[in-house]
Amino acid sequence: MEKCKQCGQILFAKELDKQVKTCPHCGYHFTLTAQERIQVTLDEGSFEEFDANLVSGDPLHFPDYSARVERSRQATGLADAVVTGAGTIGGFPVVVGVMDSRFIMGSMGSVVGEKLTRAIEQAIERSVPVIIFSVSGGARMQEGIFSLMQMAKISTALARLAQSRLLYISVLTHPTTGGVTASFAMQGDVNISEPGATIGFAGRRIIEQTIRQKLPDEFQTAEFVLEHGMIDQVVHRKDLRALLATLLSLHAKGGEWSGR
Amino acid sequence: MAVELPFEKPLVELRLKIEELKRFTEEKGIDMSEEVATLEAKVKALAEAIYRDLTPWQKVQIARHPERPTTLDYIRGLCDDFIELHGDRSFRDDAAIVGGIGRMEGIPLTLIGTQKGRDTKENIFRNFGMAHPEGYRKALRLMKQAEKFGRPIVTFIDTAGAYPGAAAEERGQGEAIARNLIEMAALTVPIVCVVTGEGGSGGALGLGVGDRLLMLEHAYYSVIAPESAAALLWKDASQGQRAADAMSITAQDLYRFGIVDEILEEPFGGAQRDPAQMIVTVKEAVLRALIELKAVSRYELPALRYEKYRKIGVFTESEAPLLAEGQERANASSNIVTR
Ligand SMILES: [Zn+2]
């Protein structure tokens, strides 16, 4: 049993699962773990994980960082804030990167950068599309310049994917902010989000301090960035898998139009 | 009188004392030259001690010094015939980023950079060197133009960060920076990036993906402004000093990490003490980098750039599974029905 964070209705686990963890009353989308996201998106039993054994270093010897990583590992069972691998959706092969916000707010450090880069390289090797599900507070401050440079590293990998004419779909989920928004999350051939997700670059509080004004509630929501032209669609989670499968089918190898 | 930084206060005091003694000599006719000489020696020794061992926080203050050369100073110092080009062709011209074409030692270049102002009025016009999305889009337009005509690109980075405003968000600050990163990765002309002052996070990186990263001796480059880090870590923005020390943001740190290719020596006390000398140093370094890159075919450039960024990151990879036996992957049993 769980209480909806938006409308307060009591929801039963079965009901919630049937709705792919969205509220049947108000449409609120609960945050998914990486594991759950993979489960609801990929064909059953198709997921093959990559690089599960990467652990971040502590290049700045930043106060409390190693301990924080260890605590996050223990609490989540995750090695870091992203799970990568290959699988199929509706039978179409795909490489996926799925972030998990429970691991230090889904922040991007060297491990996130390396795993996503390797995944993209795998996709090029296998000649299959890439889908990345973002959920992140942005760059991981504790890794300093190394985390900032992951934005460039993943971007150069995605540039190479583009050169190979392979599809990249970015799914921005709640919340996707900072350096992740300013890199791979906004670089999709198709950018998709879920209803109500927070999507932005600068933090709301920082903007409010800068402009000395309260921002409206809808500021930096998925609907707001859709209206401003930054993403292609806002899709209810119940319809997301089908949409991804259709997009993959439209880009399937051998299906291209070849005029003379 | 030059703008003095807080840690330069002891020097300022000594210099004032020397002035006073000199005036006393003139007015009263009493010879104080011995005392003056002693104090001058003291100033020299103290200045050397201060500038030899600058702390990260002191470097941040030098990097933000209002009298440092700006991007336009560097561009005009590097080229004889710079032509500024304006606008992103979509929304407006962002004065926080300048760009155009010029010729340096016979080489046509596209030069782009964030532009700070010299005084309050100019800073308001330049938005303190903090760009909106249209600034990054103007930069990209000029970079694509450079690629079309086979011109190398030189970028100058001196910004506290991309502007965190409501309009900037509406127009897609994140998208604009993201677009530059992926496009710069693939450009088939050489890109030399120079961090001249503040390298403020994604706003700096939006002009910073290239083949060579040069950094001035007292410049800093950080994933987050020290004050913002302090606000997050200790709920206290005034602890910028503590954050600066913890975050390894100096040119020397980044060189040690293999992220910066070359540190450009600043005049004694900082670039603001001798802008002309600083500009010469930057020009020579950019020229050196371009001559090196001339040996690379344009089709190899993106591949080499790929390798440059590919190797950045610190992590370990273990053979064995990370989790101890019996500790199952969290939520592995969660049971969601979708199909
Ligand atoms: Zn609800």
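Let us start at the beginning of chain A, with A:Met1, which counts as exposed because its relative accessibility is 72%. Please keep in mind as you look around that this is a predicted model. A:Met1 sits in the segment before β1 of chain A. Together with A:Ile10 and A:Phe12, A:Met1 makes a nonpolar surface patch of about 360 Å².

From here, turn to the zinc ion. Which residues hold the zinc ion? Four cysteines of chain A coordinate it through their SG atoms: A:Cys4, A:Cys7, A:Cys23 and A:Cys26, at 2.2 to 2.4 Å. The angles among the four donor atoms run from 106 to 113°, and the site is tetrahedral. For a sense of scale, the ideal angle for four tetrahedral donors is 109.5 degrees. Reading along the sequence, you will find the donor residues of the zinc ion in the spacing C-x2-C-x15-C-x2-C. One pair of these donors links distant parts of the chain: A:Cys7 belongs to the loop between β1 (2–3) and β2 (10–11), while A:Cys26 belongs to the loop between α1 (13–18) and α2 (34–41), 19 residues apart. Are these two cysteines buried, partly exposed or exposed? A:Cys7 has a relative accessible area of 35%, so it is partly exposed. A:Cys26, with 30%, is partly exposed too.

While you are at the zinc donors, take a look at A:Lys5, in the loop between β1 and β2 of chain A. A:Lys5 counts as exposed because its relative accessibility is 63%. Its C-alpha atom lies 9.0 Å from that of A:Cys23, although the two residues are 18 apart in sequence.

Now let us move over to chain B. Its 339 residues include 54% that count as buried. You can trace 14 helices and nine strands in chain B. Taken along the principal axes, the C-alpha atoms of this chain fill a box of roughly 100 × 60 × 40 Å.

After those zinc-binding cysteines, you may wonder about disulfides. How many does the structure hold? Over all chains, the number is zero. B:Cys193 gives an example: it is in no disulfide, and the nearest cysteine sulfur, which belongs to B:Cys79, is 16 Å away. A disulfide would need the two sulfur atoms to be within 2.5 Å, so this pair does not qualify. B:Cys193 counts as buried because its relative accessibility is 0%.

Salt bridges are another matter, with 42 of them over all chains. A good one to visit is formed by B:Arg118 and B:Asp73, whose closest N and O atoms are 2.8 Å apart. This pair links distant parts of the chain: B:Arg118 is in the loop between β3 (107–114) and α5 (120–126), B:Asp73 is in helix α4 (residues 71–78), and 45 residues separate them. B:Arg118 is partly exposed, with a relative accessible area of 37%. B:Asp73 is partly exposed as well, at 30%.

A second salt bridge joins the side chains of B:Asp94 and B:Arg92, at 3.7 Å from N to O. Here the partners fall into separate classes: B:Asp94 counts as buried at 2% relative accessibility, whereas B:Arg92 counts as partly exposed at 36%.

A third salt bridge brings together B:Asp211 and B:Arg305, with 2.8 Å from N to O. B:Asp211 lies in the loop between α9 (201–205) and β6 (212–216) of chain B, and B:Arg305 lies in helix α14 (residues 301–310), so the pair ties together parts that are 94 residues apart in sequence. Are the two partners buried or exposed? B:Asp211 is buried, with a relative accessible area of 6%, and B:Arg305 counts as buried at 0%. Salt bridges can also form a network by sharing partners, and one such network joins A:Asp51, A:Glu114, A:Arg118, A:Glu121, A:Lys153, B:Arg310 and B:Glu317. With members from chain A and from chain B, this network is a fitting place to end the walk.

Terms used
Residues numbered from 1 in each chain as written. Chains lettered and ligands numbered in written order. Predicted model: local features only at pLDDT ≥ 70, side-chain atom pairs only at ≥ 80, totals over all residues. Heavy atoms only, no water. Donors = N, O, S within 2.8 Å, 3.2 Å for Na, K, Ca; no water. Tetrahedral: all angles 85-135°; square planar, octahedral: opposite > 155°, others 65-115°. Helix = DSSP H or I, 4+ residues; strand = E, 2+ residues; numbered from the N terminus. Buried < 20%, exposed > 50% of the residue type's maximum accessible area, 1.4 Å probe, protein only. Patch = residues over 30% accessible without salt bridge, like charges linked within 9 Å, V, L, I, M, F, W, Y side chains within 5 Å. Areas by Shrake-Rupley, 256 points an atom, 1.4 Å probe, with all protein chains shown as cover. Salt bridge = Lys/Arg side-chain N within 4 Å of Asp/Glu carboxyl O.
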